[in-house]
Amino acid sequence: MKGVSRFALGAAVIGVPLVLALLGPLFAGEPGPRAVSFTLGDGHWLGTDFVGRDVWQQVLHGGRPVVVTALAATALAYLVALPIGLISALTHRSWLEELLMRPLDVLLAVPSLLLILLVASVFEPGAVGLALLVALANIPDAARIVRAAAADAAARPAVEALRMQGETWWRMAVGHVGRAILRTLAADAGIRLTGVLYLVATAAFLGVGVAPDAADWAVMVDRNRTGLFVQPWAVVVPALLIVALTTGSNLLFDAALDRRIGSPRRTGSPRRPGNLGDSRRTGDSRRTGEKERQE
């Protein structure tokens, strides 16, 4: 019941930003005339933003870019980091491990934002380009986390037994090691999604991937923070939606793992407390009978 309640809570928390991101543009309508910056009332029930646009309309339009970009970048990072980390942890060829991990160490030495700005100075990335750049910046440390967790799992006797039995690499890597590191990956995924959202927001604020005044939750938080104490809804609402997205993701990961690998498996019917005593009494009676026959 605890796992089910956590799963329901996570689905409810993450459902709000996802519904707004997917269906919000359908109900936003046409933008109205601009009003005075950072005001409340006059038909704007969440007020206006830093250029006088309706905040509620910006919220409805701004979810899809940040959600899709952040989720796509996180998924792409793990899509590359998982095979690199697993191969590096399970291989017995040191040259292959060096070939896979040393280029990532070079990327890891470059700050993520600086890497994005360097690439963006060569060509102008759109939303797809920004997702690729953010994924590239997250691949090195994600691969190192996968490798560290997989190396610990690969050192267990069960993996050595599978290797001696001639099992395939796929079964060892995915069937045993992959399942053993699920909790570590789930914890890292929630933290990484938060970092990706921050990186996307910072890049958007600097004009990489999106316009500085685009309808984007991350951009709204950055651009409207100057009027936080005058008109707080322009910052609080998109910030809460981003927090709900990351918190709901963590709750869903935890609940899914608890339901899948956290519950103990039942291999048979439980033994009743009286069975042990009955077996002892049966053994005592047998020994007594043997003594009588010997006498």
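A salt bridge here is a side-chain nitrogen of Lys or Arg within 4 Å of a carboxyl oxygen of Asp or Glu. With that in hand, welcome to the close-ups; please keep in mind that everything shown comes from a predicted model.

**Figure 1. The whole chain is an all-helix arrangement, with 11 helices and 0 strands.** Read from the N terminus, the elements run α-α-α-α-α-α-α-α-α-α-α. Of the 295 residues in the protein, 38% are buried. Among contacts between residues at least 6 apart in sequence, 73% join residues at least 24 apart. The protein exposes about 17,000 Å², and carbon and sulfur atoms supply 64% of that area.

**Figure 2. Confidence is highest in helix α2 and lowest in helix α11.** The mean pLDDT of the protein is 80, and 85% of its residues reach 70 or more. Helix α2 (residues 55–90) has a mean of 91, while helix α11 (residues 273–294) has a mean of 46. Over residues 261–286 the pLDDT is below 50, and this stretch makes 7 contacts in the model beyond near neighbours in sequence. Residues 291–295 also have a pLDDT below 50, and this stretch makes 0 contacts beyond near neighbours in sequence. If you plan to look at the C-terminal end, those values are worth having beside you.

**Figure 3. Arg102, Asp105 and Arg144, together with Glu98, belong to a network of salt bridges.** Let us start with the pair inside one helix. The side chains of aspartate 105 and arginine 102 meet in a salt bridge at 2.8 Å, N to O. Aspartate 105 and arginine 102 are about one helical turn apart because they are 3 residues apart in helix α3 (residues 94–109). Arginine 102 is partly exposed, with a relative accessible area of 36%, and aspartate 105 also counts as partly exposed at 23% relative accessibility. Now for the second partner of that aspartate: arginine 144 forms a salt bridge with aspartate 105, and their closest N and O atoms are 2.8 Å apart. This pair links distant parts of the chain, since arginine 144 sits in helix α5 (residues 127–154) and aspartate 105 in helix α3, 39 residues apart. Arginine 144 is partly exposed, at a relative accessible area of 39%. Side chains of opposite charge can pair when their charged atoms come close. The count for the model comes to 7 salt bridges.

**Figure 4. Aspartate 49 and arginine 53 form a salt bridge between two buried residues.** The N to O distance in this pair is 2.9 Å. Aspartate 49 has a relative accessible area of 2%, so it counts as buried, the cut-off being under 20%. Arginine 53 is also counted as buried, at 13% relative accessibility.

**Figure 5. The largest nonpolar core holds 61 residues.** Val59, Ile116, Val134, Val177, Ile181 and Trp217 touch the most other members of this core. The largest share of the core, 14 residues, comes from α2. What does isoleucine 181 contact, leaving aside its neighbours within four places in sequence? Isoleucine 181 is in contact with Leu86, Val146, Ala149, Ala150 and Ala153. In soluble globular proteins, nonpolar side chains tend to be buried together.

**Figure 6. Alanine 81 lies in helix α2 and is buried.** The relative accessible area of alanine 81 is 0%. Leaving aside neighbours within four places in sequence, alanine 81 is in contact with Ile139, Ala142, Ala143 and Val146. Val146 is also among the contacts of isoleucine 181. The C-alpha atoms of alanine 81 and proline 140 are separated by 7.3 Å, although the two residues are 59 apart along the chain.

**Figure 7. A nonpolar patch lies on the surface, formed by Val19, Leu22, Leu23, Leu26 and Phe27.** Together these residues have about 550 Å² of accessible area. Is leucine 26, one of the residues in the patch, buried or exposed? Leucine 26 is exposed, because its relative accessible area of 64% is over the 50% cut-off. The place of leucine 26 is in helix α1 (residues 2–28).

How values were computed. Residues are numbered from 1 along each chain as its sequence is written. Side-chain values use heavy atoms; hydrogens and water are left out. Patches are made of residues with over 30% relative accessible area and no salt bridge: like charges are joined within 9 Å, nonpolar side chains (Val, Leu, Ile, Met, Phe, Trp, Tyr) within 5 Å. Accessible areas come from the Shrake-Rupley method with a 1.4 Å probe; for residues, only the protein chains shown count as cover. Helices (H or I, at least four residues) and strands (E, at least two) are DSSP runs, numbered from the N terminus. Buried means under 20% relative accessible area, exposed over 50%, partly exposed in between (1.4 Å probe, protein chains only). Contact means heavy atoms within 4.5 Å. pLDDT is the predictor's confidence in each residue, from 0 to 100. A nonpolar core is a set of buried Ala, Val, Leu, Ile, Met, Phe, Trp, Tyr and Cys residues joined through side-chain atoms within 4.5 Å.
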